[in-house]
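I opened my notebook for another chain today. Here is what I looked up, in the order I got to it.

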Amino acid sequence: VQLEIVDNRTTAENGPSAAAELVKRDVSVVLGSYGSGVSMAGGEVFADAEVPAIGASCTNPGVTSLCDYYWRVCFLDPFQGTVMANFAKDEFGAKTAYVLSQLGDDYTTGLATYFAKAFESMGGSVINEQFTEGTSDYTAYLNNAINGGADVIFCPTSTTVAALLINQAASMNIAMPILAGDTWESSVILEAAKGTNLTVCCSTFFDENDESSPLAAEFVQGFKAWLNANPDKKTNNGGNDIVAAVSALGYDAYMVAIEAIKAADSIDSVAIA
(Lines give C-alpha, C1' and ligand atoms only; values in the text may rest on other atoms or scores of the structure.)
Protein backbone atom coordinates (compact mmCIF):
# COMPACT_ATOMS: atom_id res chain seq x y z
CA VAL A 1 0.00 0.00 0.00
CA GLN A 2 1.38 3.38 -1.02
CA LEU A 3 0.14 6.36 1.00
CA GLU A 4 -0.26 9.72 -0.73
CA ILE A 5 -0.76 12.66 1.65
CA VAL A 6 -2.27 15.99 0.59
CA ASP A 7 -2.97 18.78 3.10
CA ASN A 8 -6.22 20.69 2.53
CA ARG A 9 -5.54 22.81 5.64
CA THR A 10 -9.06 21.91 6.84
CA THR A 11 -10.61 24.76 4.88
CA ALA A 12 -13.44 24.38 2.39
CA GLU A 13 -11.78 26.61 -0.20
CA ASN A 14 -8.85 24.17 -0.38
CA GLY A 15 -11.09 21.10 -0.57
CA PRO A 16 -11.48 20.90 -4.38
CA SER A 17 -7.80 21.55 -5.17
CA ALA A 18 -6.62 19.00 -2.59
CA ALA A 19 -9.07 16.45 -3.95
CA ALA A 20 -7.93 17.18 -7.51
CA GLU A 21 -4.31 16.64 -6.47
CA LEU A 22 -5.15 13.19 -5.10
CA VAL A 23 -7.01 12.31 -8.31
CA LYS A 24 -4.00 13.55 -10.31
CA ARG A 25 -1.80 11.14 -8.33
CA ASP A 26 -4.11 8.33 -9.49
CA VAL A 27 -5.14 7.11 -6.03
CA SER A 28 -7.52 4.17 -5.79
CA VAL A 29 -9.33 5.25 -2.62
CA VAL A 30 -9.27 8.32 -0.36
CA LEU A 31 -9.30 8.56 3.45
CA GLY A 32 -10.62 11.82 4.95
CA SER A 33 -11.14 14.56 5.40
CA TYR A 34 -11.25 15.72 9.00
CA GLY A 35 -13.97 18.37 8.62
CA SER A 36 -17.43 18.18 7.08
CA GLY A 37 -17.19 21.43 5.11
CA VAL A 38 -13.92 20.54 3.41
CA SER A 39 -15.18 17.00 2.72
CA MET A 40 -18.31 18.31 1.00
CA ALA A 41 -16.20 20.77 -0.97
CA GLY A 42 -14.04 17.97 -2.36
CA GLY A 43 -16.79 15.42 -2.86
CA GLU A 44 -17.77 16.50 -6.37
CA VAL A 45 -14.17 16.11 -7.54
CA PHE A 46 -14.04 12.53 -6.27
CA ALA A 47 -17.45 11.73 -7.79
CA ASP A 48 -16.44 13.10 -11.22
CA ALA A 49 -13.26 11.01 -11.12
CA GLU A 50 -15.13 7.97 -9.73
CA VAL A 51 -12.71 7.68 -6.81
CA PRO A 52 -14.33 6.50 -3.55
CA ALA A 53 -13.66 8.50 -0.38
CA ILE A 54 -14.14 7.30 3.21
CA GLY A 55 -14.72 10.05 5.75
CA ALA A 56 -13.27 9.36 9.18
CA SER A 57 -14.91 12.03 11.34
CA CYS A 58 -16.98 14.25 9.02
CA THR A 59 -20.41 14.04 10.68
CA ASN A 60 -22.57 16.37 8.57
CA PRO A 61 -25.18 14.28 6.64
CA GLY A 62 -24.45 16.25 3.47
CA VAL A 63 -21.03 14.63 3.09
CA THR A 64 -22.57 11.37 1.90
CA SER A 65 -26.11 12.43 0.91
CA LEU A 66 -24.73 14.93 -1.61
CA CYS A 67 -22.06 12.61 -3.05
CA ASP A 68 -22.46 9.04 -4.34
CA TYR A 69 -18.71 8.42 -3.93
CA TYR A 70 -18.45 9.38 -0.25
CA TRP A 71 -18.82 6.93 2.63
CA ARG A 72 -17.99 7.31 6.32
CA VAL A 73 -17.14 5.32 9.47
CA CYS A 74 -18.54 7.83 12.01
CA PHE A 75 -22.01 8.66 13.29
CA LEU A 76 -24.07 11.62 12.02
CA ASP A 77 -24.85 15.01 13.52
CA PRO A 78 -28.61 14.33 13.83
CA PHE A 79 -27.66 11.41 16.08
CA GLN A 80 -25.10 13.15 18.27
CA GLY A 81 -27.19 16.34 18.44
CA THR A 82 -30.13 14.30 19.75
CA VAL A 83 -27.90 12.37 22.17
CA MET A 84 -26.49 15.59 23.65
CA ALA A 85 -29.95 17.18 23.90
CA ASN A 86 -31.16 14.15 25.86
CA PHE A 87 -28.00 14.27 27.97
CA ALA A 88 -28.61 17.93 28.83
CA LYS A 89 -32.16 17.15 29.90
CA ASP A 90 -31.56 13.83 31.69
CA GLU A 91 -28.17 14.53 33.32
CA PHE A 92 -28.63 18.18 34.26
CA GLY A 93 -32.41 18.66 34.21
CA ALA A 94 -31.93 21.50 31.72
CA LYS A 95 -34.99 23.46 30.64
CA THR A 96 -33.20 26.25 28.76
CA ALA A 97 -30.14 25.75 26.56
CA TYR A 98 -27.85 28.44 25.18
CA VAL A 99 -26.60 27.27 21.76
CA LEU A 100 -23.56 28.96 20.22
CA SER A 101 -22.21 28.15 16.75
CA GLN A 102 -19.92 29.68 14.11
CA LEU A 103 -21.62 31.52 11.28
CA GLY A 104 -20.96 29.87 7.91
CA ASP A 105 -19.37 26.71 9.31
CA ASP A 106 -21.21 23.57 8.13
CA TYR A 107 -20.21 21.43 11.11
CA THR A 108 -21.03 23.83 13.94
CA THR A 109 -24.24 25.23 12.48
CA GLY A 110 -25.50 21.78 11.50
CA LEU A 111 -24.87 20.19 14.89
CA ALA A 112 -26.25 23.22 16.71
CA THR A 113 -29.45 22.98 14.64
CA TYR A 114 -29.93 19.27 15.38
CA PHE A 115 -29.32 19.81 19.11
CA ALA A 116 -31.80 22.71 19.23
CA LYS A 117 -34.44 20.80 17.28
CA ALA A 118 -34.18 17.76 19.58
CA PHE A 119 -34.09 19.89 22.76
CA GLU A 120 -37.17 21.87 21.73
CA SER A 121 -39.01 18.67 20.80
CA MET A 122 -38.61 17.60 24.44
CA GLY A 123 -40.20 20.84 25.65
CA GLY A 124 -36.99 22.78 26.23
CA SER A 125 -36.28 26.39 25.30
CA VAL A 126 -33.29 27.42 23.17
CA ILE A 127 -31.36 30.69 22.98
CA ASN A 128 -29.51 30.64 19.66
CA GLU A 129 -26.52 32.83 18.80
CA GLN A 130 -23.69 32.76 16.28
CA PHE A 131 -20.19 34.23 16.22
CA THR A 132 -18.07 35.07 13.18
CA GLU A 133 -14.78 33.44 12.23
CA GLY A 134 -11.83 35.09 13.94
CA THR A 135 -13.72 35.97 17.12
CA SER A 136 -11.47 35.76 20.18
CA ASP A 137 -13.58 37.30 22.95
CA TYR A 138 -16.58 35.20 23.99
CA THR A 139 -17.42 36.96 27.26
CA ALA A 140 -20.42 38.77 25.76
CA TYR A 141 -21.85 35.46 24.54
CA LEU A 142 -21.26 33.82 27.93
CA ASN A 143 -22.98 36.77 29.63
CA ASN A 144 -25.93 36.34 27.27
CA ALA A 145 -26.18 32.72 28.38
CA ILE A 146 -26.23 33.81 32.03
CA ASN A 147 -28.68 36.65 31.48
CA GLY A 148 -30.92 34.39 29.42
CA GLY A 149 -31.29 32.00 32.34
CA ALA A 150 -29.70 29.07 30.50
CA ASP A 151 -29.16 25.82 32.38
CA VAL A 152 -26.54 24.52 29.92
CA ILE A 153 -24.36 25.86 27.13
CA PHE A 154 -24.03 23.83 23.92
CA CYS A 155 -21.11 25.05 21.82
CA PRO A 156 -19.98 22.63 19.06
CA THR A 157 -16.89 24.51 17.87
CA SER A 158 -13.29 23.93 16.85
CA THR A 159 -10.70 23.17 19.53
CA THR A 160 -9.15 26.61 18.98
CA VAL A 161 -12.41 28.32 19.85
CA ALA A 162 -13.03 25.84 22.66
CA ALA A 163 -9.76 26.67 24.43
CA LEU A 164 -10.55 30.39 24.37
CA LEU A 165 -14.14 29.90 25.48
CA ILE A 166 -13.19 27.53 28.33
CA ASN A 167 -10.53 29.91 29.64
CA GLN A 168 -12.93 32.84 29.55
CA ALA A 169 -15.75 30.80 31.13
CA ALA A 170 -13.41 29.77 33.93
CA SER A 171 -12.41 33.40 34.62
CA MET A 172 -16.11 34.29 34.81
CA ASN A 173 -16.83 31.39 37.20
CA ILE A 174 -19.49 29.99 34.87
CA ALA A 175 -21.48 27.46 36.89
CA MET A 176 -23.64 25.91 34.16
CA PRO A 177 -22.32 22.83 32.30
CA ILE A 178 -20.71 23.42 28.91
CA LEU A 179 -21.55 20.76 26.33
CA ALA A 180 -20.11 20.18 22.87
CA GLY A 181 -19.78 17.70 20.02
CA ASP A 182 -17.04 15.32 18.92
CA THR A 183 -14.40 17.97 18.13
CA TRP A 184 -14.01 18.67 21.86
CA GLU A 185 -12.71 15.15 22.47
CA SER A 186 -9.15 16.45 22.49
CA SER A 187 -6.13 16.97 24.72
CA VAL A 188 -6.53 20.70 24.00
CA ILE A 189 -9.82 20.70 25.92
CA LEU A 190 -8.38 18.62 28.75
CA GLU A 191 -5.55 21.12 29.18
CA ALA A 192 -7.85 24.13 28.98
CA ALA A 193 -10.27 22.72 31.59
CA LYS A 194 -7.56 21.42 33.94
CA GLY A 195 -7.61 23.16 37.33
CA THR A 196 -10.95 24.88 36.72
CA ASN A 197 -14.33 24.24 38.34
CA LEU A 198 -16.05 23.94 34.98
CA THR A 199 -18.20 20.99 34.00
CA VAL A 200 -17.35 20.17 30.37
CA CYS A 201 -18.95 17.26 28.51
CA CYS A 202 -18.80 16.16 24.87
CA SER A 203 -19.97 13.37 22.62
CA THR A 204 -17.36 11.07 21.16
CA PHE A 205 -16.96 8.08 18.86
CA PHE A 206 -14.62 5.96 20.91
CA ASP A 207 -13.66 5.35 24.54
CA GLU A 208 -10.24 3.81 25.13
CA ASN A 209 -11.42 2.54 28.55
CA ASP A 210 -14.33 0.53 27.13
CA GLU A 211 -13.10 -3.07 27.06
CA SER A 212 -16.37 -4.62 25.85
CA SER A 213 -14.79 -5.21 22.44
CA PRO A 214 -11.64 -7.39 22.40
CA LEU A 215 -10.64 -5.91 19.04
CA ALA A 216 -10.91 -2.36 20.40
CA ALA A 217 -8.89 -3.30 23.49
CA GLU A 218 -6.21 -4.83 21.26
CA PHE A 219 -6.14 -1.67 19.13
CA VAL A 220 -5.73 0.54 22.23
CA GLN A 221 -2.85 -1.58 23.53
CA GLY A 222 -1.09 -1.52 20.16
CA PHE A 223 -1.66 2.18 19.55
CA LYS A 224 -0.34 3.16 22.98
CA ALA A 225 2.76 1.01 22.40
CA TRP A 226 3.28 2.71 19.03
CA LEU A 227 2.98 6.18 20.61
CA ASN A 228 5.28 5.42 23.54
CA ALA A 229 7.96 3.93 21.30
CA ASN A 230 8.47 7.23 19.46
CA PRO A 231 8.81 10.60 21.30
CA ASP A 232 7.80 12.52 18.16
CA LYS A 233 4.57 10.52 17.78
CA LYS A 234 3.76 11.12 21.44
CA THR A 235 4.42 14.85 21.08
CA ASN A 236 2.15 14.99 18.04
CA ASN A 237 -0.51 13.25 20.14
CA GLY A 238 -0.51 16.11 22.66
CA GLY A 239 2.34 14.81 24.82
CA ASN A 240 0.39 11.84 26.14
CA ASP A 241 -0.68 8.37 25.02
CA ILE A 242 -4.43 9.00 25.09
CA VAL A 243 -6.10 7.25 22.15
CA ALA A 244 -8.14 10.02 20.55
CA ALA A 245 -11.38 9.01 18.89
CA VAL A 246 -10.14 10.37 15.54
CA SER A 247 -7.17 7.99 15.76
CA ALA A 248 -9.52 5.03 16.15
CA LEU A 249 -11.68 6.31 13.30
CA GLY A 250 -8.63 6.78 11.07
CA TYR A 251 -7.70 3.16 11.74
CA ASP A 252 -11.26 2.02 10.98
CA ALA A 253 -11.35 4.00 7.72
CA TYR A 254 -8.05 2.50 6.63
CA MET A 255 -9.16 -1.06 7.39
CA VAL A 256 -12.45 -0.49 5.55
CA ALA A 257 -10.43 0.60 2.51
CA ILE A 258 -8.20 -2.47 2.75
CA GLU A 259 -11.21 -4.81 3.00
CA ALA A 260 -12.86 -3.11 0.01
CA ILE A 261 -9.69 -3.60 -2.05
CA LYS A 262 -9.63 -7.27 -1.04
CA ALA A 263 -13.32 -7.72 -1.87
CA ALA A 264 -12.88 -6.04 -5.26
CA ASP A 265 -9.69 -8.03 -5.88
CA SER A 266 -8.59 -4.95 -7.76
CA ILE A 267 -7.03 -1.51 -7.32
CA ASP A 268 -9.50 -0.02 -9.82
CA SER A 269 -11.33 2.79 -8.03
CA VAL A 270 -14.76 1.96 -9.51
CA ALA A 271 -14.41 -1.68 -8.51
CA ILE A 272 -13.45 -0.62 -4.97
CA ALA A 273 -16.46 1.73 -4.81
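Is Glu21 buried, partly exposed or exposed? I looked up its relative accessibility, found 28%, and noted Glu21 as partly exposed. A reminder to myself before going on: this is a predicted model.

**Entry 1: salt bridges**

I stayed with Glu21 and found that it makes a salt bridge with Arg25, with the closest N and O atoms 2.9 Å apart. Arg25 is partly exposed as well, at 35% relative accessibility. The structure holds six salt bridges, so I looked at some others.

Glu191 and Lys194 meet through their side chains at 3.2 Å, N to O. Both Glu191 and Lys194 are exposed.

Asp241 pairs with Lys224, and here the closest N and O atoms are 3.5 Å apart. Asp241 sits in the loop between α10 (231–236) and α11 (245–264), while Lys224 belongs to helix α9 (residues 214–228), so this bridge ties together parts that are 17 residues apart in sequence. I checked the cover of each partner: Asp241 is partly exposed at 24%, whereas Lys224 counts as buried at 18%. I also noted that shared partners join Glu4, Glu21 and Arg25 into one salt-bridge network.

**Entry 2: aromatic rings**

How many aromatic pairs does the structure hold? I found 14. One of them is Tyr138 with Tyr141: the ring centres are 6.2 Å apart and the planes stand at 40 degrees, so I logged the pair as tilted. Tyr138 is buried with a relative accessible area of 0%, and Tyr141 is buried with 18%. Elsewhere in my notes, Phe206, Phe219, Phe223, Trp226 and Tyr251 form one aromatic cluster.

**Entry 3: a surface patch**

I then turned to the surface, where Val1, Leu31 and Tyr254 form a nonpolar patch with about 310 Å² of accessible area together. Leu31 lies in strand β1 (residues 30–31) and is partly exposed, with a relative accessible area of 38%.

**Entry 4: the whole chain**

I counted 12 helices and eight strands in the protein chain. The radius of gyration is 20 Å, close to the 19 Å that the globule rule gives for 273 residues, so the chain is as compact as a globular protein of that length. Along the principal axes, the C-alpha atoms fill a box of roughly 60 × 40 × 35 Å.

Of the 273 residues, 44% count as buried. The chain exposes about 13700 Å², and carbon and sulfur atoms supply 51% of that area. Last note: among contacts with a separation of 6 or more, 62% come from residues 24 or more positions apart.

Technical notes: Residues numbered from 1 in each chain as written. Predicted model: local features only at pLDDT ≥ 70, side-chain atom pairs only at ≥ 80, totals over all residues. Heavy atoms only, no water. Patch = residues over 30% accessible without salt bridge, like charges linked within 9 Å, V, L, I, M, F, W, Y side chains within 5 Å. Areas by Shrake-Rupley, 256 points an atom, 1.4 Å probe, with all protein chains shown as cover. Salt bridge = Lys/Arg side-chain N within 4 Å of Asp/Glu carboxyl O. Helix = DSSP H or I, 4+ residues; strand = E, 2+ residues; numbered from the N terminus. Buried < 20%, exposed > 50% of the residue type's maximum accessible area, 1.4 Å probe, protein only. Phe/Tyr/Trp six-rings, centres within 6.5 Å; stacked < 30°, edge-to-face > 60°. Rg over C-alpha atoms; globule rule 2.2 N^0.38 Å. Contact = heavy atoms within 4.5 Å.
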